[in-house]
Amino acid sequence: MYPTVGQRQSLARTFGCARVVYNDALTMRKAAWKTDRSRIPTGVLAKSVITDVKKTDARSWLGSVSVDALQSSIRDLDTAYRNFFDSLSGKRAGRPVSLPRFKSRKDKRQSLRFSRNGFRIRGNGKLNLARIGDVRVKWSRALPADPSSVTIVLDPSGRYFASFVVDIEPDHLAELDTEVGIDLGLTTYAVMSDGTVVDNPRFLRKAEKKLKAAQRALSRRAKGSRNRAKARRKVARAHARVADTRLDWLHKQTTGLIRENQAIYLEDLTVRGLARTRLAKSVHDAGWSTFRRLLTEKAARYGRHVGIVGRYEPTSQVCSTCGVLDGPKPLSIRTWTCGACGTSHDRDLNAARNILAAGRADRLNACGGPVGPGVAIPRRARPVETGTHRNAGCTGRKPRVAGAAGIPVLQRGEDVTRR
């Protein structure tokens, strides 16, 4: 978005009013919970922090902005509380979500939301926002459907963005018979099971010289001065350029993989753990989590499958030819020879082939199937007796006696439901 000077002032005023309403609503809810463990309904809360306070001298300036943006901030607070309680109860997957926090005017990233009643798209391509006017927009692509809401974002570098929410149907692509396993790394970004190698672009490393110069210039500016604000925006623009370049590259890579393969298998990497090591800068620069997220989202939209192999699968220790576990190896060893079959392996390519085999086994539910491609492993017979010692099998239960044809026989007093 490219607002004029007057529209930027109106947007700044709306950002501030939405932030004040959000903080007032959060204060009331915290006080009500602390007093008698009660929850204020959304309608009562909106009347208290918007409608009633407009009539007072302390909050009369809330009437100068769109009421739709103020009501959206209260809905955002409801969503934040809902995410917190769903995280506590286990309904929300992923990392734990904390309680809503107060917003600060010093945050370099500001945002507000308009519902369907607060905006409209003009025929000339401009975006009309309530109490702000027609804003010039550079469209990245045409909207596939009528939007239900729009979020206006001001990033630290001073750029304005409009993000629309639309409902679309999945656009499934034609099914293919190709599948690929991917081993992610730092020396090479990705090695695929078909032998394709993707080099690591290292966007942050390449831009470090310019980033250091901009950061040094910022450190020399006096705090609170306009020159310091200009230097801060310059540093933010440099970082934004790196982030945008990385995201664009990841989009292109993931789109190509989705179009060319029916199923894609990845390894469950501990990115948070690796980000606390001496490789932290390189791990963050690689963007593995974003790569996995983009693949998963696009696979759901285009009818593809993305499988995640367990992080404890010994993909770098197993020979992809004969399936023999050869043992752990330090990262300095990039090629090795299997002691059983004599096959020479590239470390990353062998891991990618093992990821493909393990992903196929999980997807096809092949219990007892081969770990490596083309290797037949006989299915082991399940034992019918856990042992003869007191703590046989480490289960704390009495051993089961095998009857005719190996069928276990329940002993006297044994509960069948516990089996």
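## Ser-72 and its contacts

Not counting neighbours within four places in sequence, Ser-72 is in contact with Arg-113, Phe-114 and Ser-115. This is a predicted model, by the way. Ser-72 sits in helix α3, which covers residues 67-89, and it is buried, at a relative accessible area of 2%. Ala-18 is 54 residues away from Ser-72 in sequence, yet their C-alpha atoms are 8.3 Å apart in space.

## Ser-10

Over in helix α1 (residues 5-36) you'll find Ser-10. Its relative accessibility is 15%, so it counts as buried, the cut-off being under 20%. Again setting aside neighbours within four places in sequence, Ser-10 is in contact with Arg-131 and Ile-132.

## Salt bridges

Side chains of opposite charge can pair when their charged atoms come close. Searching the whole structure turns up 18 salt bridges.

One of them links Asp-248 to Lys-252, with the closest N and O atoms 3.2 Å apart. Both residues belong to helix α6 (residues 226-260), four residues apart, or about one turn of the helix. Asp-248 is partly exposed at 40%, while Lys-252 is exposed at 56%.

Helix α9 (residues 288-302) has a pair with that kind of spacing: Arg-293 and Glu-297 are four residues apart, so about one helical turn separates them. Their salt bridge has its closest N and O atoms 3.3 Å apart. Arg-293 is partly exposed at 41%, and Glu-297 is partly exposed at 43%.

## A shared network

Asp-155, Arg-159 and Asp-244 are joined into one network by salt bridges that share partners. Within it, the side chains of Asp-155 and Arg-159 meet at 2.9 Å, N to O. Asp-155 is buried at 11% relative accessible area, whereas Arg-159 is partly exposed at 32%.

Notes: Residues are numbered from 1 along each chain as its sequence is written. This is a predicted model: local features need pLDDT of at least 70, side-chain atom pairs count only at pLDDT 80 or more; totals for chains, interfaces and linings use all residues. Side-chain values use heavy atoms; hydrogens and water are left out. Helices (H or I, at least four residues) and strands (E, at least two) are DSSP runs, numbered from the N terminus. Buried means under 20% relative accessible area, exposed over 50%, partly exposed in between (1.4 Å probe, protein chains only). Contact means heavy atoms within 4.5 Å. A salt bridge is a side-chain nitrogen of Lys or Arg within 4 Å of a carboxyl oxygen of Asp or Glu.
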